[in-house]
Each structure stands twice: as C-alpha cells, then as structure tokens.
Amino acid sequence: MRILIGGDINPSQRDLEYFINGKSNTIFGNTSEIISSSDLIIANLETPLINTKSPINKSGPIHSAPQEAIAGIKQSGINFLNLSNNHILDHGYAGLESTIKTLDRAGINYGGAGMDGEKSSEPKKLKIKNQRIAILSYCEHEFSVSRNNYPGANGLDIIDFLDKIKHLKEHNFYTILLFHGGKEHYMLPTPNQKKTCEFFIRYGADIVVCQHSHISGVINEIDSKHIIYGQGNFVFDPYPKISEWLYKGLLIELIIKENQLEKIDYHPIIHNSFKDKNNIGINLMQDDEKNVFLNNIKSVSKEFIDDPEMVYKSWEQFSVKHKNLFYSIFNGNGKILRKINQYLPYLNFTYSKESKTILKNIITCETHLEMARTILDKDLDV
C-alpha cells in the first residue's frame, strides 16, 4: 500500500472560496496526481472548522475556517486528518465538537483529539489492502490539550505512548507517530525533541513525523526507521510574509508491504504565491529547484548526524538570540514593549542575577513548572 503524509493545512482568505467550492485541483495543483495514487493520505488540520466563533483566551494567533471548507479537503482525496495540534481548541470545546461533526459528515478519518481524554489518545487503527496501519498523534502542552479528561488534543505523554505502542506491536501494526512539536521556523530539533523522538523509535514507532515548525527539517534514519524533524506547510498560504521557507514543504511517500516499510520518497512542494502573488495553491517543485531543496536537507541532515553536539550548540545559539523576547514575556510586557526590549533591552538592567536564578529554577524543575502552570491556568480560568 502507498501512504502519503503532508504537513499543515489551514485555508486562508486568499484560497478559502476554492476550499468551500471543492476546487481541489486548484488548491493542490499537480500534487493531486500523487494523492490520487495513494491509499492513505494524511495531513494536519491546523484549524477548527466552525460556523460560530467562540475564541478562547490564549497567547498566539487564533485560527478558524468555516465548516464548508471541508469540501476542498474531501475532494482532494485526503482521508485522515491529524487534530493533535496547538490550534484545534482555538474556539473551545464547541469548536472542537463542530470540527469532529464536520469530519464525521464528510467521512474523513481523524485522530489526536476528542471530546474526552480517552478518545483524544486513541490511536487510529486501519486495515488497508491487508496492511495493519496505526496512527498515533501527540502535541506539546499548549492551550489545546485535553486536561482532566475534558475535550482537547492529545498532549505528549510518554507513559501513554508506552501503553499504546505495546498493544500495537503485539498486533503487528505499522505505526506512524505524528508529533506536533518543536520550535517554529527552526530546521533542527530541540535537544529534548531529539531525545523524545529517538525514544519513540527505540520503543516501537516505525516512523516519526514532526509537524508544527512550518519549515522542512533534518531527517535521521535509525535502524531503518525514520525521523523527519519538520515537513513545512502543506496548504497554508503565507502571503505576504517574506520568509522563503514558509512557502515550501515536503510530502512523505511510504510504500508498505507486509506491514514493513519497503520504500520512502520525499516530494518537495511550493506555494504558487511565492513566485506570483496573484496565484494560489501549491505544486510540486521541479528540476533544479527540487534538487537544491532536497540537497540542502541532505546536507544539513548529514551535518546533524555526523556531529552529535550540533543539536545542543545550535539550540543554545538560537535560544540566546531570543533572550530579550523571553525576558519581556516573563515581565508581562505586551507586544509594543516586547518589541522595544528586543532592540533596546532595558530589562537586562531589571533582572538581577538572583532573579534569573529563580526563573531558571522555576523553568527547569518539573514540580515548580507544574505549579506555575497550575497557577496560570487557574488565574486565566482555563
């Protein structure tokens, strides 16, 4: 059987009418050829599907698309949507319920979120062409996760993973693990992300695909199993943003035989608006553009594999660049003051060494961090 895995889908105002009218050939371009030849087509739905807005109190952008937008996804042939992400609860429990009912009506499989914790953590088990396939979905703990058995996305839980993977391996499922985590716009994994994904592989996942970063990341192979640290966007038109990587992504094609991976291929895609602002939808990269894109991933991946310290050194350098932003966040500053502090870091004089020591202890100690989260959840009534 043939499986195709794509990244984030989020209809924008520029292409929304094409989603609503089911014009999948315009949206998905010549990727439709690969989609139509696949038996299982997976993507991440980076928005709730709603007709009534009920935005939650959260930091970061709030996404939504009308229920009718499912027409373009349905028409494309995509038949599994991952809901375990940081936006699926952007419009609360009502928004998630609306999304689930929309997918049920459309006959599209989904996983990674549910109306209680147990349903959100259930792997999706499928039998296609006599192949047993299971999809496990996890996301990092942001505003979308199910807490205390309430509706939401399936938050990362290593104990839950071990329980689930044991059963799946005993019943000979080829297991795809989707992890919505890592740092946005960063091509490498964080040190903890690397450790977690390698743990997934070591204890039974057959392939781990990280989404959320909006950039195609490095690829690592361990004992013939693969970790893809970022796919970039699938259909998530970033125009007028100027960051080139936001317009590009990676489709992952798997050939499964007798519940084992026989072949894996990578197909780079590009949003048409990257070259023509009046154009929407995506297409497969061709010729030199495709080769340059894949060779860059191969080059950085080789460096990542050859140098075990690279992930730590790069993460430290990347984090230090955001120091002023984080101090502003800790100080409770809004967007304007955060922007000022980014270029005129006045908070460097506010935070003493003792203050930084206390912050470090809160962030690095699991119990202190859990207490901080509980206090903030209570204060924010979430």
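Let me begin with Lys-194, which is buried in this predicted model, with a relative accessible area of 19%, a value that falls on the buried side because the cut-off is under 20%. Lys-194 nevertheless has a charged partner, since a salt bridge links it to Glu-198, with the closest N and O atoms 2.9 Å apart. Both residues belong to helix α8, which covers residues 191-202, and because they are 4 residues apart there, about one helical turn separates Lys-194 from Glu-198.

I would like to set beside this a second pair, Lys-302 and Asp-306, whose side chains also meet in a salt bridge, at 2.6 Å from N to O. These two residues lie in helix α9, again 4 residues apart, or about one turn of the helix. Here, however, the lysine counts as exposed, with Lys-302 at 51% relative accessibility.

A third pair is formed by Lys-313 and Asp-307, whose side chains meet in a salt bridge of 3.3 Å, N to O. Lys-313 is partly exposed, at a relative accessible area of 45%, and Asp-307 is partly exposed as well, at 25%. Beyond such pairs, Lys-169, Asp-206 and Lys-225 are joined into one network by salt bridges that share partners. For the whole model, the count comes to 16 salt bridges.

Let me turn now to the sheet that you can see in the structure. How many strands does this open sheet have, and in what order do they come? There are 6 strands, in the order β6-β7-β9-β10-β12-β11, and the pairing is mixed. The edges are held by β6, residues 124-128, and β11, residues 219-222, and each of these has a single partner strand, so that one side of each is left without a neighbour in the sheet. On average, and with direction ignored, neighbouring strands of this sheet are turned by 20° against each other.

At the β11 edge, the partner is β12, residues 225-229, and the two strands pair in the antiparallel sense over 4 bridges. To give one residue pair from this region, the bridge partner of Glu-221 is His-226, in β12.

Two helices deserve a mention alongside the sheet. Helix α7, residues 158-170, lies across β6, β7 and β9, and runs at about 175° to β7. Helix α9, residues 287-306, which we met through Lys-302 and Asp-306, lies across β11 and β12, running at about 50° to β11.

Finally, I would like to look at two histidines. His-180 has its place in strand β9, one of the strands that helix α7 lies across, and at 3% relative accessibility His-180 counts as buried. Its side chain is joined to that of Asn-86 by a polar contact of 3.1 Å. If we leave aside neighbours within four places in sequence, the residues in contact with His-180 include Asp-8, Asn-44, Glu-46, Tyr-138, Cys-139, Gln-211 and His-212.

The other histidine is His-87, and where is it found? His-87 sits in the loop between β3, residues 80-82, and α5, residues 92-106. Is His-87 buried or exposed? It is buried, with a relative accessible area of 4%. A polar contact of 2.8 Å joins the side chains of His-87 and Asp-90. With neighbours within four places in sequence again set aside, His-87 is in contact with Glu-46, Pro-48, Lys-58, Pro-61, His-63 and Ser-144, and Glu-46 is likewise among the contacts of His-180.

Conventions. Residues numbered from 1 in each chain as written. Predicted model: local features only at pLDDT ≥ 70, side-chain atom pairs only at ≥ 80, totals over all residues. Heavy atoms only, no water. Pairing = 2+ DSSP bridges. Axes fitted to C-alpha atoms, helices over the stretch in contact; angles between N-to-C directions. Contact = heavy atoms within 4.5 Å. Salt bridge = Lys/Arg side-chain N within 4 Å of Asp/Glu carboxyl O. Buried < 20%, exposed > 50% of the residue type's maximum accessible area, 1.4 Å probe, protein only. Polar contact = N/O pair within 3.5 Å; in protein donor to acceptor, adjacent residues only side chain to side chain.
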